[in-house]
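Reader: Please take a close look at one part of this model, the parallel sheet and the buried residue within it, and then place that part in the rest of the chain. I would ask for one connected account, with the criteria stated as they arise.

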Amino acid sequence: MPGPLRVTVIADSDTRWKWGALTARRIDPDARLDARLLRGRATPTPRQLAELGIPADSMVEATAAEILAGTNSDTCDVVVVSCVGGTVQALLQGFNRAWEGRPSRPVVVTGYVGVVYEKLADGLLLRAGADVVLANSADDAERFRAVYEGVGYPTRAIVETALPFLGGDQYRPNVGRRFTLTFAVQPSVPEGRADRTHLLRRTVEHARRRPERDVLVKLRSKPGEHTTHIEENPYQKLVASLDPPANVQLVYGNMSDVLDRTDLLVTVSSTAALESLHRRIPTAILTDLGIREALGNHHFLGSGCFASWDELDDGHLPRADPQWTAAHGVGGGNPYAPLRARVHNLLDLPELPRLAPYYTTRTAPGYLPGILARQGLDPKGDPIGGFSPREPGPVRRAVHDLVRNSARTAYRQGVQRVAPVIRRWGQL
């Protein structure tokens, strides 16, 4: 296909916009990039989008019905669906109905934003039906194929690649500056207040024991903002009672920028660990709360990166096993060539077949209708009320404004509570 591709990215949170937009750039660095931000609980705020720093040629917040009505071969060549599994499935079903009878359609690409450590079969089968399902490593590709083969579904859509945000300069110790440890927190792991307080307390204690080090607490979002997961016990609110020393800072911003100054990355199971390992930064996967599926740190079995805060206090720097990193999609050569080849091969076909989701109302009559209903679609995949975009009515507009204003109010109140503590560190 001559000229740059036109790629529409559908995303339902800030992290998923990052993954989707960077995946689009991996497909075609010169692509026209149009963002369709799905309206909902985790719709990214302007601050979150600005922090990511990924521009788009157009950016619109819309409902599923509006996205289905405005996305077709006249508007784009490729659709990257960067959403939770249920939303991906609803959009696949909706696109099938919206594109019915059209002579051509866009190529549909989807995948996972980060480490796949839970609901493997559930999430994969909800994504089944896209033309391309991205696996972020050789290990993921093997597991994905096993799931599809296990239910008799074709595996040709699975394409091995790597997380699109892996990059940055390789780590070199800098003797001219202070050693910097970064604790990368997660919105949902661990969830409990006691566990989160333990991790934060140990971070602060490490800073007291090692005053020659700078200790950064890398936060995902500010109070009142949402990511893919709801954060019920934000670290900003927990830190006030710990009286941290001056060498502790709360930081926001792009993870890549933070890694530029990091000598040791510490986390429970964040995808930031893969970014760090890709750059060969010493990386510690915490064992303080155990190695458990619920925490996601079991994904790193065999990596050589497990450590407790006690070991880190003693100066331990984990060294990653190179065979493990190679199998898990970090530190490789050119992992995006298969993705580009797959997309262009599909675009060169005279005609694409209809999307073929694994789930139908015949095979999953008690499951699929509920998934569709959550996005305002009927059991056939038609938007309730039709495909035509519509302006929000007074009730819908009022509800939307109430949710957004409540989030802003919570944010302001959160800032007022923690501002005196954060100002001490010069990091508001």
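Author: The account below begins with the basis of the description, proceeds to the sheet and ends with the helices and the backbone.

The model is predicted, so local features require a pLDDT of at least 70 and side-chain atom pairs count only at pLDDT 80 or more, whereas totals for chains, interfaces and linings use all residues. Residues are numbered from 1 along each chain as its sequence is written, and side-chain values use heavy atoms, with hydrogens and water left out.

The protein chain contains 15 helices and 13 strands; these are DSSP runs, helices being H or I over at least four residues and strands E over at least two, numbered from the N terminus. Of its 428 residues, 53% count as buried, where buried means under 20% relative accessible area, exposed over 50% and partly exposed in between, with a 1.4 Å probe and protein chains only.

The part in question is an open sheet of six strands in the order β10-β9-β8-β11-β12-β13, with parallel pairing. Its edge strands are β10 (248–251) and β13 (306–307), each of which pairs on one side only. Two strands are taken to pair if DSSP finds at least two bridges between them. Strand β11 (residues 264–267) pairs with β12 (residues 283–286) in the parallel sense over three bridges, and Val-266 stands opposite Ala-284 of β12.

Thr-267 belongs to β11. This residue counts as buried because its relative accessibility is 0%. Beyond its neighbours within four places in sequence, Thr-267 is in contact with Phe-183, Ala-184, Gln-186, Ala-273, Ala-284, Ile-285 and Leu-286; contact means heavy atoms within 4.5 Å.

A loop between β8 and α7 holds Pro-190, which is joined to Val-189 by a cis peptide bond with omega of about -15 degrees. Most peptide bonds are trans, and most residues other than glycine have a negative phi. A positive phi of about 50 degrees is found at Lys-119, which is not a glycine. Lys-119 lies in the loop between β5 (107–110) and α5 (120–127), and it counts as exposed because its relative accessibility is 61%. Asp-243, also not a glycine, has a positive phi near 50 degrees and is placed in the loop between α8 (235–238) and β10.

The helix that follows Lys-119's loop, α5, packs with helix α6 (residues 138–150): their axes come within 10 Å and cross at roughly 75 degrees. Axes are lines fitted to C-alpha atoms, for helices over the stretch in contact, and angles run from 0 to 180 degrees between N-to-C directions. The two helices are therefore roughly perpendicular, under a scheme in which angles under 35 degrees count as roughly parallel, over 145 as roughly antiparallel, 65 to 115 as roughly perpendicular and the rest as oblique. Leu-120, Ala-121, Leu-124, Leu-125 and Arg-127 of α5 meet Arg-143, Phe-144, Val-147 and Tyr-148 of α6. By class, this contact has seven nonpolar, no polar and two charged residues; Ala, Val, Leu, Ile, Met, Phe, Trp, Tyr, Cys and Pro count as nonpolar, Asp, Glu, Lys and Arg as charged, and the others, Gly among them, as polar.
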